[in-house]
Number of protein chains: 2
Amino acid sequence: MTIYDISKQAGVSIATVSRVLNGSENVKPKTRKKVLDIIEQCGYTPNVFARGLGLNSMKTVGILCADSSDIYLAKAVYHIERNLKTAGYHSILNCTGYDLAHKKEGLSLLLNQRVDSIIMVGSNFISENEKDNQYIRDAAKQVPVMLLNGDLDCENVFCTMCDDYKSMKEVTGRLLSQKIHDILFLYHSRTYSSMKKLAGYQAAYVSMDLPLSKDLTCFFNGSHEDIDGVCDYLCNLHDKGLRFRAVVAADDMLAVGAVKYARKMNLRIPQDIKIVGYNNSILSVCSEPKLTTVDNHLELLCSQLVKTCICTLGGTSQPAKTIFSGEIILRESANL
Amino acid sequence: MTIYDISKQAGVSIATVSRVLNGSENVKPKTRKKVLDIIEQCGYTPNVFARGLGLNSMKTVGILCADSSDIYLAKAVYHIERNLKTAGYHSILNCTGYDLAHKKEGLSLLLNQRVDSIIMVGSNFISENEKDNQYIRDAAKQVPVMLLNGDLDCENVFCTMCDDYKSMKEVTGRLLSQKIHDILFLYHSRTYSSMKKLAGYQAAYVSMDLPLSKDLTCFFNGSHEDIDGVCDYLCNLHDKGLRFRAVVAADDMLAVGAVKYARKMNLRIPQDIKIVGYNNSILSVCSEPKLTTVDNHLELLCSQLVKTCICTLGGTSQPAKTIFSGEIILRESANL
DNA sequence: TGGAATTATGTAAGCGTTTACATTTCAACC
DNA sequence: GGTTGAAATGTAAACGCTTACATAATTCCA
């Protein structure tokens, strides 16, 4: 069943059928109706491959994501896909894992698939090491690239992010104001986003003229789901003599690890130790006590990102960066 | 840059280039090398649209998922995508939500996209009401359909699932053996999988000749993330006089809700109340106490499902059903 | 060394659209 | 009724591959 069959049955040329299919203006209403009826009646659907070949596009966007099973990234992918679908685009998902080689590989698979645009979900796609961002710049020469929670100055790269620096500075500042000066900053990966959080944490100290201790900036080197590992890690630090009365974590999983640590050490939360998570994921309400955390309005970010993507594809020029503010969600693990 | 450019530069015909590209046997090694060198040198990549048009396939599989932000489904999507990629296939993701109309719509979008196969992730795609499964049967007339945790007898539909009936019967049976006869079964959606779990729960009572109370089969009607809602729901049941010394839940989120309920009611876990989750998600270790739960080897299921998919596409006949057994993970919320 | 069998390569016809350009139709006006 | 310009429709050439079939080159053996 092709456009020829339809054209024959409707007694018109294939061009007219094509015009009807593509909603061209210059078709007599009567003709349009006739064609549409036949199409309906035959259950004809255009061949997307042929259309892709003709238009050099299949209205498809590539979603690159290190690990779509991560709670936060999964939510992002979900919202992005839904927004793209609403705009009439398909989503090709490619989960790369966290190492550079696989990210490059995933990216080139998507580009070979001739997607109209690339969306990189998660700040882990951009690196502190500028050289390691070259692959993004290269991709941007072919298609517009959207970064969720990443920042890169480059033609044809569009960034949508939340101001993690600001949120973390605010959280840390509030704790400092409560005369809690020994705040442990717990992070997990050296992503753009983590680094911004760290910078915010440090800025809070600096702006209050308080000394920063390097020992309190702690990097957990383990899986994204290893709550027990985080707990052990903190116990270990404790054993080595490190003391702290608050933990600000780069994500909720780390914060839950801290909660487990506190329970193990018989510390009362929040009296003896305050714990703040990040992302306002389901973990923050699963936790006991529930986590005070930061919500960065992921759904909003995603809808903005897709809007930018679609407008760019439509030829409307878009701002290179859109920055949203997070919101502190007060729960039981810290009274800020 | 097309196959013509390459053929010209290599001094061969486009057919030969095509053969090299597709790994055909009948190419002289010397010729192959020459072509490959030129391709490499030019950085040529074949146009997938044209290839798709020629082959009527773009090596793409459609993944249909109600909600890929759900912890469990997200993991499934992740593993499926990775396995598909390894097999050389692309994944188009389509998140439909839970109502039938949107599922049908998502499915037809994927079919119009001419995917080679459809994978339905999650038992929510099949319904108790046989009529509502017709759309799957229709799809199966076009492409092979893979069901993860769903069961449907139909030509060209392949099911990969875990034996939830068995696992739930085992869990319930162990509790009954401990003389705990007032076990609340808590579920969340009337999916195939939930119904199997319920059947297993009931079977355990029956096989031990114990009376079943209808009141103890409880349906929570709320969002997939609403832990507090579950807690309230159970408190409400308690207020209405319902008593139970154990909860077996259809997923970990529900179980965490039960944990919250227990804490609110000052019930000790597991002394006063035993709680069993399902899925062995991160929630089960985030919870305090950690959940005893059922692991159904999702990664294995997914890899098997994709294997079945790829083999089917490759023309090798495959078993219509593959059933795995779950594993009970003992943690703190119940000593089984 | 000739010729059959085998292997390698080339030619050209699809695949099903879109769209520039050509042609026809038609309403409006003189 | 003839002219004109706009609107509607048609024709045919891309788009860049794959592949059946035709042809050329090579191998093998009598």
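**Entry 1: the surface near DNA strand D**

I sorted the residues of the surface near DNA strand D by class and found 14 nonpolar, 10 polar and four charged. For the classes I took Ala, Val, Leu, Ile, Met, Phe, Trp, Tyr, Cys and Pro as nonpolar, Asp, Glu, Lys and Arg as charged, and the others, Gly among them, as polar. A residue is near a strand here if one of its heavy atoms lies within 4 Å of it.

I note that this is a predicted model, in which local features need pLDDT of at least 70, side-chain atom pairs count only at pLDDT 80 or more, and totals for chains, interfaces and linings use all residues. Residues are numbered from 1 along each chain as its sequence is written, chains are lettered from A and ligands numbered from 1 in the order in which they are written, and side-chain values use heavy atoms, with hydrogens and water left out.

I then asked which of the 28 residues around DNA strand D come nearest. They are Ser13(A), Arg19(A) and Thr31(A), together with Ser18(B) and Tyr44(B). Of the atoms of DNA strand D that come within 4 Å of the protein, 63% belong to sugar and phosphate.

Next I looked up polar contacts (pairs of N or O atoms within 3.5 Å; within protein, one must be able to donate a hydrogen and the other to accept it, and residues adjacent in sequence count only if both atoms are side-chain atoms). Ser18(B) has a polar side-chain atom 2.3 Å from a phosphate oxygen of DNA strand D. For Tyr44(B), a side-chain N or O atom is 2.6 Å from a phosphate oxygen of this strand. Asn47(B) uses a backbone N or O atom, 3.4 Å from a phosphate oxygen of DNA strand D.

I also listed helices (DSSP runs of H or I, at least four residues, numbered from the N terminus). Those that each supply at least two residues of this surface are α2 (14-21) and α4 (48-55) of chain A, and α1 (3-10), α2 (14-21) and α4 (48-55) of chain B.

**Entry 2: DNA strand C**

I counted 28 residues around DNA strand C, and the closest are Ser18(A), Tyr44(A), Ser13(B), Arg19(B) and Thr31(B). Sugar and phosphate make up 63% of the atoms of DNA strand C within 4 Å of the protein. The surface near DNA strand C holds 14 nonpolar, 10 polar and four charged residues.

Two backbone contacts went into my list: a polar backbone atom of Ile3(A) is 2.7 Å from a phosphate oxygen of DNA strand C, and one of Ser13(B) is 2.6 Å from a phosphate oxygen of that strand. Thr16(B) comes in by its side chain, with a polar atom 2.9 Å from a phosphate oxygen of DNA strand C. In chain A, α1 (3-10), α2 and α4 each give at least two residues to this surface, as do α2 and α4 of chain B.

**Entry 3: how the two chains relate**

I superposed chain A on chain B by least squares, using the C-alpha atoms of residues with pLDDT of at least 70 in both. A rotation of 180° with 0.0 Å of shift along its axis does it, at an RMSD of 0.1 Å. The two copies are therefore related as by a two-fold rotation axis. In chain A, Ile92(A) has the C-alpha nearest the axis, at 2.2 Å. I also found that 100% of the interface residues of chain A are interface residues in chain B too, so the copies meet through the same surface.

**Entry 4: helix α11**

Helix α11 of chain B (residues 252-264) has 13 residues and reaches 18 Å from first C-alpha to last, close to the 18 Å expected at 1.5 Å a residue. The expected span is 1.5 Å times one less than the number of residues. I checked burial (under 20% relative accessible area is buried, over 50% exposed, in between partly exposed; 1.4 Å probe, protein chains only). In α11(B), 11 of the 13 residues are buried, including Asp252(B), Met253(B) and Lys260(B).

At the N-terminal end, Asp251(B) caps α11(B), with a side-chain oxygen 3.0 Å from the backbone nitrogen of Met253(B). Asn266(B) follows the helix, and its phi is positive, near 60°.

In chain A, I looked up Met253(A), which lies in α11 and is buried at 4% relative accessibility. Not counting residues up to four places away in sequence, its contacts (heavy atoms within 4.5 Å) include His188(A), Leu283(A) and, from chain B, Ile282(B).

**Entry 5: one lysine**

Is Lys197(B), in helix α9 (residues 192-207) of chain B, buried or exposed? Lys197(B) is buried, at 6% relative accessibility. Beyond its neighbours within four places in sequence, Lys197(B) is in contact with Asp164(B), Met168(B), Phe185(B), Ala250(B) and Tyr278(B).
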